[in-house]
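Please open the model in your viewer and set the side chains to display as sticks. The tour below proceeds by selection, with a note on what is found at each stop.

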Amino acid sequence: MTNRVIIMGAAGKDFHVFNTIYRNDPTTVVIAFTATQIPGIEGRRYPPALAGPQYPDGIPIEPEEAIEELIRQHDVDLVVFAYSDVSYEYLNEKQRLVESAGARFETAPTQAVMLPSSKPVVAVCAVRTGCGKSQTSRWVAGMLKAMGHRVGIVRHPMPYGDLARQAIQRFATIEDLTAQDCTIEEMEEYEPHIRNGMVVWAGVDYERILRAAEQEADVILWDGGNNDTPFFRPDLHITLVDPHRPGHEMSYYPGRENLAMADVVLFGKMDTADGENVARVEEAVRKANPDAAVVYADSPVTAADPTVIQGARVLCVEDGPTLTHGGMQYGAAVIAARRHGASAIIDPRPWAVGTIAETFDTYPDIGPLLPAMGYGDRQMRDLEQTINTCDCDVVVIGTPIDLGRIVTIDKPHTRVTYEISWRSGARMEELLGAMMSR
């Protein structure tokens, strides 16, 4: 009998689960993907070129809101949950919804979708979005490069455009970002690596991506997204925890799995963390993974021009996903604004337009900050208009890229950057060196 399946996703792990588990399985037919979290990714089709010969017309990508109707209409047997950074309460709600509609519910397998590599693999993952994976990946890549290794950075998927065209993406120059129509979210992750002289790989078909990266690299660095588990089997699995959000390391899926699997647990943001919160997370780590090496690191924030912040009414622009499904209510821009004496942080919501206003409606707990959402040209223009009409003196930009290069900002602004530096605990250089010697 044929098993009829729907894969719930957000244009990322859902496609990887299909490619590794279901694409060549003659006993299964995947009826549809569903999409959420990212605006505008439904209404497409997973193309035949990626879906394989069992799917000559491809596979529809439907809005998640239609899941009950899809289950009943297609007599679906199984729904596989394949996206990340959701609470276990949220996950349980989805399970009840699916089962009430008549289908079984499973989370995507973790081990079965980890592809083996012919090269050593370092995975940088986290328990939540916004823990500091990006700067940690840059830090680790820099160490490996200093050891004399060619590093191939493979980024968690963000295929929000033409899926067939995005099957395998290679980014070696800033011009590659424009040529491949990257969103702000993609540029935030790829551009810093490129400026550090690294090549970044991403896309949809991660078997092919891995094999291409192996041809150019001595070591593969998996640069994770959200709090998802790695797509490649790691030789060194690094998981970040966040002392600013104690308790989240155990209450969000699949971050808890990352914590349990980690070889190294990294505490970031120690320079701004509360001691009691650090102790709470330490206790959780001891219970979940007592054998992991522990690294403590600072996440220093630097404003390019702190003088414009002093005494000013500032608009703080922060990394979009960190504020939305990451649930953070402040970031690097807010830290810099407070540190350098801003007179006020201006709430942008009265000036929000179009898709930016819709983002605030969808995520009402963001607060008086502006998420740098940029999933396509329309949203970038809405972001630009919101910034320029906001009644503020200065714009403080806490995104990983130079936002002023992407949108026109017609008022004084300064960029805030953030890196990572060792504070105490195990030495990352020694952990990486031991892995490479093995």
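The stops are an internal cavity, an asparagine and a set of aromatic rings.

This is a predicted model, in which local features need pLDDT of at least 70 and side-chain atom pairs count only at pLDDT 80 or more, while totals for chains, interfaces and linings use all residues. Residues are numbered from 1 along each chain as its sequence is written, and side-chain values use heavy atoms, with hydrogens and water left out.

**The cavity**

Select T129, G130, E189, D319 and T322, which lie nearest the centre of the largest cavity among its 48 lining residues. A cavity is a set of points on a 1 Å grid over the protein atoms alone where a 1.4 Å probe fits but cannot get out, and lining residues have an atom within 4 Å of a point. The count comes to one cavity of 30 Å³ or more, and the volume of the largest is about 730 Å³; a volume is the space filled by probe spheres set on the points, which are joined across faces, edges and corners.

Next, colour α5 (133-146), α7 (184-195), β18 (313-319), α12 (320-323) and α13 (332-339), each of which supplies at least two residues of this lining. Helices (H or I, at least four residues) and strands (E, at least two) are DSSP runs, numbered from the N terminus. The lining comprises 19 nonpolar, 19 polar and 10 charged residues. Here Ala, Val, Leu, Ile, Met, Phe, Trp, Tyr, Cys and Pro count as nonpolar, Asp, Glu, Lys and Arg as charged, and the others, Gly among them, as polar.

**N227**

Move to N227, in the loop between β12 (219-223) and β13 (236-241). Is N227 buried or exposed? N227 is buried, at 0% relative accessibility; buried means under 20% relative accessible area, with a 1.4 Å probe and protein chains only. Its side chain reaches the backbone oxygen of V127 at 3.1 Å and that of Y253 at 3.3 Å. Residues that N227 touches (heavy atoms within 4.5 Å) include S84, D85, R128, T129 and N258.

**Aromatic rings**

The structure holds 18 aromatic pairs, counted where ring centres of Phe, Tyr or Trp (its six-membered ring) lie within 6.5 Å. Select F18 and F33: their centres are 5.8 Å apart and their planes at 75 degrees, so the pair is edge-to-face, a class that requires over 60 degrees. F18 lies in helix α1 (residues 13-22) and F33 in strand β2 (residues 28-35), so the pair ties together parts that are 15 residues apart in sequence. F18 is buried at 0%, and F33 also counts as buried at 0%.

Finally, select F81, Y83, Y88, Y90, F105 and Y253, which form one aromatic cluster.

Terms used: 1 Å grid on protein atoms, 1.4 Å probe; cavity = no way out; pocket = protein on both sides within 12 Å on 5 of 7 lines; lining within 4 Å. Buried < 20%, exposed > 50% of the residue type's maximum accessible area, 1.4 Å probe, protein only. Polar contact = N/O pair within 3.5 Å; in protein donor to acceptor, adjacent residues only side chain to side chain. Phe/Tyr/Trp six-rings, centres within 6.5 Å; stacked < 30°, edge-to-face > 60°. Lists of a residue's contacts leave out its neighbours within four places in sequence.
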